[in-house]
Amino acid sequence: MGQVFEEWQHEFTQEQVSDLNRDMVRTRADRIRAAMFPETLDDGSSFVSTQYEAGEATCVQKLAQPSQLLKEAIVMLIHYQDDVDVTAIAIPELIKLLQDNDRNVARQAAGTVFQLAKKEAPRHALIENPDLISAIVKVLTTNDDPETVKALAGTLTAISGSKKGLLSIFRCGGIPALVKMLSSPVEKVVHYSLTTLHNILQHQGDDAKRAVRLAGGVQKMVDLLSKDNAPLRMLALLTDCLEMLSFQHQESKLIIVSKHGTQQLIRILQHNADYEKLLFTTCRLLKVLSVETSNKQVIIECNGMNILGAMLDNLSNRVVMNCLWTLRNLSDQATKEEGLDDLLERSVRLLESNDVGIVMCCVGILSNLTCNNARNKALVCHFGGVQALVQTMLQAVERDDITEPAICALRHLTSRHEQAKAAQEAVRHGIPTLVKLLGPDSHYPLVKAVIGLCRNLGIGSANQQYLRDAGAIPKLIELLFRADGEMSRGYRDDDVEDGVVPEDVAEGSTGALHVLARDPMNRQLIRQSNVIPTVVRFLSSPNENMQRSAAGLLCELATDKEAADQIEAQNATVILQPLLHSANECVATYAAATMYRMSEDKPHDIRKRLSQELTNSLFRPEDLDDHYNNDEAIFRTTRPIFGMVDAQKAADKAVKTAGQEYEKKLRDYETAVKKQQEEERNIDEEIAKLEAAKNAKESA
């Protein structure tokens, strides 16, 4: 820097300054060319540099690199357009060569088209020419040369990378040809075909899915699932295609299970635990299949519950979520399955997750697997499930999709197994929240679940006061009156929420009040609420569960003389008399006990006859508890199926029907394709005639 400073401090004459300026102006163009277009300079040319510091570039030098990039981009654009134009000119000749009778000529033409399709610019020209794509599809259906088919299949795959290319393939009838190539012995051809079909299914919507199904795509893809040593990437594409084809389409689901595809999916999960993409697509397909009854049965029989449960420790969140949704869908049919200890433990542990979706699935799984299964109930209690479910309920009280299954699970855990009493005590601190959920803002499915849990809690004498102090009795009576009003006015099927009707709420409320009425103070509150006339009317219901609940509550209330007098004042004896001979043992027992308690001031012979009736009924309240409230799976799509033979017959019939419908649609589709091909041939002939006439005219 000091040297430069000294040079600038040197005194110049006016003549030297003028010469320096002339040199700078004369060599300015050379400096710019050297920086931006160095290839245009002559060898050995020199010019005056304006760079005085070696480490600091001049403004022109700083523009050198961007200028070079701009020049290269312009050159590429020129060449790009040239490539498009050249390809467009060559396409008509390529079409003729592809259809040449000489196999070698057709093979070389196919290879040329494939090489062009690999490059971006020529590929655009190929996409713009529907005649070429039609010719490719035609050759694929008629030419069996492996090399030709492989090159053209690769061409369609390259073209399918753009939306316009996908549309062209679809409109030119490429789907049947692609489905046909799924049976090719050449693995590369299968891979190209599957990739193209996958792209079409992703972007062309329902019409493309319908065309693939009609062409037999589902059957061909299911057959590929059992292929030995199939590449994992191909299996991932395969399962993703099947998921798109079977989503909300019953026939496709039935085809998959009838061709043993469901078993193959479970096998894939077992033997490919390290490839996350394949695990994700397979679990997502199983999630779709798991809402269909026959697929459910097969997955469960193949130990799918435990295999999916073991994957809940996977590091991929999307794999875990799809496993959980599948398990939730399956769990309502697996209520009698044994050996699900690890799954139950993992489900309890995952209740602590911050992911709402994970918690939602886990509460559903626990609710269904504890339905009528004493062993699973004991295991969940052992794993700390009661405390975890109560905490989940308290934290998600505003979310019915979590609260309802959580409460259903607690309802199952608080009855009919060895640890039920301990579970009732563990839920005690959640009673105030439960009672709030009985309010008018809650929908009936949630209300029904809360009523059932309150009833179970009331069986423990220590909880009676907690329920009373929380205001459970007024809430239950209000619900009973509300449901009775809706039953009297009538309701439409559209008003029913998830299958829960007002009768269910009325029966549940009556049953819960029956349990709470075992406490003297509770009996007094119930009697003072003027509910007895309504309950007596319920005795005439054609619903046996309603009769049982009403008779049970009246039996408990009749313990007090005042209540017994009110019951008799409603002419209940006339209604109770026929119920003594009810086929339902509980109804008959409660009716006899109620009449016996009402007859304390009656003649001795009447009391003796009722006493004998009661003895014959073997009245034991503790036994009746177990007959009152059976567990219920909450999954909305299908209910637990225990008659597997009937289910299999129904599935076989459905598969047969689906197959017949598919064959009819396929025949219609083939007829339409033949008609279209005939029309295309006629058009080709007309074009040929016109060209011949034109050539004759030109030669003349």
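I began with arginine 346, which is buried, with a relative accessible area of 17%, because buried here means under 20%. I note at the outset that this is a predicted model, and I read every entry below with that in mind.

**Entry: the partner of arginine 346**

I looked up which residue pairs with this side chain, and found that arginine 346 forms a salt bridge with aspartate 313, the closest N and O atoms being 3.0 Å apart. Arginine 346 sits in helix 22 (residues 341–350), whereas aspartate 313 belongs to the loop between helix 20 (304–310) and helix 21 (317–331), so the pair ties together parts that are 33 residues apart in sequence. I then checked the cover on the acidic partner: aspartate 313 is partly exposed, at 44% relative accessibility, while arginine 346 is buried.

**Entry: a network of shared partners**

I next asked which residues are joined into one network by salt bridges that share partners. They are Arg103, Arg107, Asp144 and Asp145, and I followed two of the contacts to aspartate 145.

In one of them, the side chains of arginine 103 and aspartate 145 form a salt bridge with an N to O distance of 3.7 Å. Because arginine 103 lies in helix 6 (residues 103–118) and aspartate 145 in the loop between helix 8 (130–142) and helix 9 (146–159), this pair ties together parts that are 42 residues apart in sequence.

In the other, arginine 107 meets aspartate 145 in a salt bridge at 3.0 Å, N to O. This pair also links distant parts of the chain, with arginine 107 in helix 6 and aspartate 145 in the loop between helix 8 and helix 9, 38 residues apart.

Is aspartate 145 buried or exposed? At 5% relative accessibility I record aspartate 145 as buried, whereas arginine 103 is partly exposed at 42% and arginine 107 is partly exposed at 31%.

**Entry: the salt-bridge count**

I also looked up how many salt bridges there are, counting a side-chain nitrogen of Lys or Arg within 4 Å of a carboxyl oxygen of Asp or Glu, and the count comes to 22.

**Entry: a positive surface patch**

Finally I turned to charge on the surface, and found a positive patch formed by Lys118, Lys188, Arg233 and Lys277. I followed one member, lysine 277, to helix 18, which spans residues 276–289. Lysine 277 has 37% relative accessibility and counts as partly exposed, so this residue passes the patch requirement of over 30% relative accessible area.

Note on methods: Residues are numbered from 1 along each chain as its sequence is written. This is a predicted model: local features need pLDDT of at least 70, side-chain atom pairs count only at pLDDT 80 or more; totals for chains, interfaces and linings use all residues. Side-chain values use heavy atoms; hydrogens and water are left out. Patches are made of residues with over 30% relative accessible area and no salt bridge: like charges are joined within 9 Å, nonpolar side chains (Val, Leu, Ile, Met, Phe, Trp, Tyr) within 5 Å. Accessible areas come from the Shrake-Rupley method with a 1.4 Å probe; for residues, only the protein chains shown count as cover. Lys and Arg count as positive and Asp and Glu as negative; His and the chain ends are not counted. The place of a charge is taken as NZ of Lys, CZ of Arg, CG of Asp or CD of Glu. Helices (H or I, at least four residues) and strands (E, at least two) are DSSP runs, numbered from the N terminus. Buried means under 20% relative accessible area, exposed over 50%, partly exposed in between (1.4 Å probe, protein chains only).
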